[in-house]
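Colleague: Could you take a close look at one part of this model for me? I'd like to go through it slowly.

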Amino acid sequence: MNLPQFEFIQPRSVEETCDLLKKHGEEATLLAGGTALIVYLRYRLKKPKVVIGLKGLTGLNYLSQQKEGLTIGSMVTLETLERSPMIFHGYPPLNSAIQQIAVPPVRNQATLGGNICLENRCIFYNQSEFWRKTQGPCLRLGGGVCYAVEKGKRCQAVYSGDLAPLLIALNAKVKILSAQRERTLPLADFFTGRGEKPNILNQDELLTEIQIPLTEPGVGYAYEKLRVREGMEFPMAGVAVRIKRGENGTIEQIKIVLGAVGTAPIEVTKASDLLVGQKFDDKILEEFSNQAMEAARPVGNQIMNSEYRRKMVGVLTKRALRRAWAMTEKRESS
Amino acid sequence: MEKISISLKINGRLETLEVVPYRTLLEVLREDLQLTGTKCGCEDGSCGTCTVLLNGDPIRSCLLLAVEAQGKEILTIEGLAQGEKLHPVQEAFVKHGGIQCGFCTPGMILTAKALLDKNPTPTEREVRQALSGNLCRCTGYTKIVESVMAASGQEVPSSRKEDFVSPYSVVGRRTTRFDSIPKAKGEAKYSADLYLPGMLYAKVLRSPYPHAKILNIDTSQAEKLPGVRAVITGKDALPYRWGVFSYTRDMQFLPTDKARFIGQEVAAVAAISEEIAQEAIDLIKVEWEPLPFVLDPEEALGEGAPQIHEDKPGNVSVRIFVNEGDVEKALFESYFVEEGRFSSPEESYCQTENYAVVANFDSTGLDIWCPNAGPHMKARPLSNALGIPTSDVRVRKINVGGHFGGRSEISPGDFIAALLSKKTGRPVKLVYTREENFNCVRQVHGSVTHCRVGVDREGKLTAVDMKVIMDGGAYASTGPIAASVAYIMIEGTYKFPNFRYEAIRSYTNKPPRGMYPHHPRTSYAALELLLDSLAEKLGMDPLEFRIKNAVHEGYITPTRTVITSCGEVETMRLASEKAGWKEKWGHLPPYRGIGMGCASMISGFPMGIRGGSAAFVRFNEDGDVIVISGVMDDGQGNDSMIAQIAAEELGVPLTKVKVITGDTSVTPSDQGAYSQASTLISGGAVKAAAADAKEQLLEVAAQMLETKKEGLVARDGMIFVKDEPERRVEISKVARKALAMNRAILGRGDRWPDADPSREWVKNPRGQIASAISFGTAVAEVEVDPETGKVKVLNMVAAHDCGYPINPMAVEQQIQRSAVEGGPQGVLMEKHLWTKRGQNLNANFIDYWFPLSIDVPHIEPIIVTSQDPFGPFGAKEGGLSVSVAMIGAMANAVRNAIGITPKELPITPDVVLRLLEEKRRGFYKEV
Ligand SMILES: Cc1cc2nc3c(=O)[nH]c(=O)nc-3n(C[C@H](O)[C@H](O)[C@H](O)COP(=O)(O)OP(=O)(O)OC[C@H]3O[C@@H](n4cnc5c(N)ncnc54)[C@H](O)[C@@H]3O)c2cc1C
Ligand code: FES
Ligand code: FES
């Protein structure tokens with residue numbers, strides 16, 4: 001199946017990219033690693049007139065450790081991150097989350113920016129053009145029907161990026177650039193929760209940088225992913241947590257972010273309210289896990305059934321918390 | 001669109017090219033540079049066959065625009081060897097059997113090379129991790145991983161293994177398959193790799209309805225599109241219906257009445273490019289009248305269900321019924337009876353090669369290249385459908401990227417390409433997408449099995465009563481065989497004095513289902529799971545229980561097949577010993593489980609006038625041997641197998657033997673690679689032909705040595721007088737001498753199944769079913785995560801009685817792949833889901849859970865011999881019993897781990913978890 005026709009432009013600088021975006025507006029699409037975009041194109045899920053290739057932007061290919069934390073250019077590949085000693089030693093759970101994405105050769109091509117800007121997925125949508133035609137257009141394609149949720153009135157395609165939940169848990173920020181302005185905002189605010197348009201990027205904007213603050217002493221974090229096979233699969237559910245140990249083994253801060261069980265990464269808000277000052281024990285784990293399950297919004301748009309996915313959010317929450325907590329212990333003693 | 005000039009350094013050479021921006025690197029490599037060693041198996045990043053190294057790193061060339069590779073250094077498989085000299089990774093794949101069909105091989109080898117460049121001595125886990133993005137359907141990954149480990153200089157089991165002790169010079173020895181070098185180098189051509197001068201490209205218009213009447217097809221707009229050369233519909237075809245049997249002719253390759261599943265072919269276009277062909281397809285207007293449809297096989301058989309074929313009332317495609325002894329009475333009198341209902345959805349073959357065909361029709365007839373399991377089996381229906389003599393259909397030899405039953409039959413695509421070529425007078429190529437390969441070739445039956453099994457107080461089986469409903473999809477395909485295999489395998493595995501089996505294969509409005517090694521998987525799982533329940537009730541070890549009920553040489557099955565050679569008990573003993581059964585059974589910690597399953601497999605069943613194989617053996621002037629046989633090699637190694645047999649029989653070294661196979665323009669008829677008959681029948685025919693040639697050689701040699709022919713022996717390239725080895729002459733000289741005497745050495749031989757010709761699948765299921773029966777036992781060990789329900793496979797061991805291994809390495813390959821097919825694929829992971837409208841929801845490798853290298857452990861193969869009296873050198877079949885045996889083993893391992901009998905397959909994590917919860921809530925009693 002050939003790709004649809006498009007014009008291709010490969011800008012040399014970020015500024016030039018912004019100008020091109022401004023010029024071509026709705027007709028343009030950005031191509032980073034292409035591991036997601038090429039598939040959208042092949043399936044005619046996107047039909048841009050102009051594709052702007054970002055691989056020439058060496059200026060967005062950096063990874064540096066500063067005193068505030070890590071800054072990563074959006075064009076850094078997942079493989080570069082995976083092999084970076086800075087991440088391996090400084091952010092081991094991030095390294096392990098990256099290793100769970102796709103399969104190794106795909107990570108050689110995939111970028112961090114592309115991973116964050118992934119379009120939402122749905123088994124009634126991420127199909128060939130022929131397949132979709134046999135069904136008729138769904139909500140996302142301008143039709144009146146949602147095939148995943150009976151009588152559904154809004155698109156519930158799943159945000160399936162693996163890294164955003166963990167990065168949100170770590171309070172990461174993203175830098176966004178257009179010809180007019182630059183803005184930096186918490187990654188948590190980057191997502192819209194709309195299945196058909198998952199992030200807030202305007203047509204003329206580009207994600208340029210991801211900033212991950214230093215984790216303070218006493219902080220531990222982890223990401224747990226649900227999949228059937230040990231590779232190749234988008235998450236059926238993902239749970240990222242960040243936890244801070246306080247005086248005499250109590251919980252000082254907690255953050256739980258769910259991935260792939262809703263139209264955007266979901267922060268389990270109740271978790272943070274409840275528990276400051278409590279002891280980390282099985283009872284509290286149960287509590288968090290229930291809250292996470294309650295917050296999850298899986299619907300029947302993946303091959304794996306949604307009931308199971310919701311249950312697993314509970315299990316993964318406990319596992320992630322245990323691992324994160326163990327990390328706080330390790331860090332304290334070291 | 002304007003082209004962009006790019007220059008790439010490919011395999012060390014600078015290439016400057018003009019490309020349109022929307023072409024991928026894969027397309028440029030394959031189409032513009034004709035570097036077809038890089039394969040295309042999915043185009044969505046999920047298979048890894050398109051892997052190339054970009055500045056040393058493996059990437060998916062299907063996901064990279066060619067323009068983005070500007071200035072980069074690219075290594076494809078063609079650039080790896082230095083001329084004749086293979087790269088060490090290639091060498092290791094060749095030597096250690098890491099190559100079967102070869103379609104995944106270029107990607108595997110390049111990925112492995114990149115790994116070893118960075119990590120010269122990886123652990124097994126690191127290798128599996130690195131290769132986890134490269135799918136392989138043929139090997140079960142074990143020998144691939146071993147090849148990589150060996151390339152890194154580490155010791156691997158297959159290099160440690162003592163050579164099989166063989167009294168022969170060539171047969172029975174671990175032999176490098178000679179298809180493996182061209183495959184390792186990326187030279188081997190598959191159908192989609194062919195580019196003929198003037199070739200057109202075809203696309204197919206498919207039904208968007210599961211069931212709809214075709215009122216009218218308007219092709220006028222499509223015909224007018226510039227670049228279009230032909231448009232065809234059912235009206236252009238002869239009124240021909242295809243069926244494997246005379247009583248199952250229900251399929252028009254391009255239907256004129258109605259479409260019966262989503263994706264069915266209704267029209268096709270040939271144009272000067274694939275883009276134009278697709279554009280033309282979109283211009284064809286079909287007037288449809290949608291009809292009520294049915295997707296569930298049980299509903300389809302129910303009252304008032306939509307009728308799918310007018311002449312098949314009640315949607316019964318096939319009904320098989322055997323009833324031997326008095327099952328009701330025996331069950332009534334049994335000490336224990338266990339029963340259950342087991343269900344599973346359908347699976348897919350997932351050959352890594354997508355179906356592709358190239359057809360070239362001219363005034364002399366048709367040449368056609370396509371993946372097939374038997375060229376002669378394609379030639380006949382093609383000639384009928386095209387209305388030309390069979391001799392004018394030349395199905396040509398080509399490499400095949402996997403079969404597994406899914407390339408058994410003629411495909412509508414073969415006919416479509418042929419008809420388009422006939423109409424245009426030009427070669428036509430049709431290549432399916434991955435989605436089409438899932439839906440529009442064949443699939444594997446979904447099924448429901450209801451089973452009852454009884455035992456007496458001593459643990460002897462008394463009776464089995466099995467009722468199976470199979471979801472056959474829209475057409476009969478190989479239905480009568482498919483609906484019979486379960487009982488045939490089962491009656492050959494255990495002694496059942498009373499035996500009843502009924503299978504109803506129903507039509508549904510889903511893609512048609514064909515042959516598969518282990519369908520219906522529910523039947524084997526049902527029996528083996530119930531056997532373990534019975535063993536438990538009896539307080540017997542499942543191993544002892546199985547040994548007690550195993551069949552033996554001379555045993556006659558309920559439907560009257562005599563077992564002529566049998567190593568079943570030995571497979572049970574050896575597999576369980578290797579797996580540590582005695583230490584583990586009953587002694588594993590919670591949520592760990594071990595399970596066992598056994599199976600028999602038939603080789604060479606009656607196929608009437610097409611059931612036999614014939615072969616010729618001839619000599620070149622230089623003494624080289626050419627074997628000509630209709631056998632087909634789909635990756636299982638049949639070409640090497642017949643070469644070994646010929647070499648052994650003639651007494652020449654293997655290097656002297658070349659083969660010409662699977663080409664209807666040159667090779668005599670052969671039954672094809674179905675019914676596990678290639679070694680037995682095709683190999684037998686080659687042996688006979690070689691023996692015939694040898695007789696002729698000996699006559700000449702006798703004159704040369706001035707002795708009697710009866711006292712001569714041929715071995716290691718020489719003919720010598722039996723007890724006077726110094727009186728000898730080289731065989732090549734004998735062949736040459738014969739020519740000087742104006743006679744050509746030309747051996748001929750044929751072989752036919754030794755089965756009861758009056759046996760018929762439906763009408764007369766009695767009599768000898770096959771020439772030989774092979775046996776296998778599998779043991780699996782698993783660990784279940786009680787919170788997620790995920791099953792981790794810790795160990796798989798499989799023993800197979802192959803009669804005698806012509807090439808032990810090839811038998812191991814078959815055992816290992818069969819183990820993955822039965823276990824991780826069949827029991828743990830694979831299934832299709834459908835929308836309410838009959839659309840396949842997961843016709844891709846991201847959502848269809850095809851096991852990766854990282855999901856399966858090392859598989860320990862054990863070869864058992866039993867010297868079959870019919871088979872060449874005692875050989876039967878090479879490992880398929882394990883696919884069935886592993887179903888039982890894996891299902892029982894899970895049962896043993898969780899203490900509940902699973903009733904649905906695959907036992908995915910959600911299923912396991914549900915069972916555990918039901919158990920906790922007391923729905924199940926502890927077992
Ligand atoms: C077999 C396979 C398995 C996969 N498994 C996983 C998985 O397990 N987990 C997972 O998270 N992903 C998975 N993916 C998806 C994908 O590979 C990754 O998410 C990858 O990180 C996407 O990055 P990219 O650079 O390739 O993005 P691209 O494909 O180039 O782009 C993705 C989207 O982001 C937009 N975009 C890219 N960069 C920017 C930017 N800087 N600013 C604004 N918009 C931008 C593009 O326009 C496009 O819409 C898988 C893909 C494949 C083929
Ligand atoms: S063809 Fe590129 S990954 Fe399958
Ligand atoms: S050898 Fe790997 S797919 Fe056939």
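Which domains does the domain assignment of chain A give, and what can you tell me about the contact between them?

Modeller: Happy to, and keep in mind that this is a predicted model. The assignment splits chain A into domain 1, covering 59-117 + 158-213, and domain 2, covering 219-333. In the contact, domain 1 of chain A puts in 25 residues and domain 2 of chain A puts in 27 residues. Measuring centre to centre on C-alpha atoms, domain 1 of chain A sits 20 Å from domain 2 of chain A.

On area, about 2,200 Å² is buried between domain 1 of chain A and domain 2 of chain A, with 62% of that coming from carbon and sulfur atoms. As for charges, the count between these two domains of chain A is 1 salt bridge. There is a salt bridge between D162(A) and K225(A), with the closest N and O atoms 2.7 Å apart. Polar contacts across the interface of domain 1 and domain 2 of chain A come to 10 residue pairs, both residues at pLDDT 80 or more.

Now the domain 1 side of chain A, where it touches domain 2 of chain A. Three elements each supply at least two residues there: α5 (92-99), α9 (163-169) and β8 (191-194) of chain A. Of these, α9(A) gives the most, with 5 residues. Sorted by class, that side of domain 1 of chain A has 17 nonpolar, 6 polar and 2 charged residues.

Conventions:
Residues are numbered from 1 along each chain as its sequence is written. Chains are lettered from A and ligands numbered from 1 in the order in which they are written. This is a predicted model: local features need pLDDT of at least 70, side-chain atom pairs count only at pLDDT 80 or more; totals for chains, interfaces and linings use all residues. Side-chain values use heavy atoms; hydrogens and water are left out. Domain bounds come from an automatic or database domain assignment. Contact means heavy atoms within 4.5 Å. Buried area is the accessible area (1.4 Å probe) that two parts lose on being put together, summed over both. A salt bridge is a side-chain nitrogen of Lys or Arg within 4 Å of a carboxyl oxygen of Asp or Glu. A polar contact is a pair of N or O atoms within 3.5 Å; within protein, one must be able to donate a hydrogen and the other to accept it, and residues adjacent in sequence count only if both atoms are side-chain atoms. Helices (H or I, at least four residues) and strands (E, at least two) are DSSP runs, numbered from the N terminus. Ala, Val, Leu, Ile, Met, Phe, Trp, Tyr, Cys and Pro count as nonpolar, Asp, Glu, Lys and Arg as charged, and the others, Gly among them, as polar.
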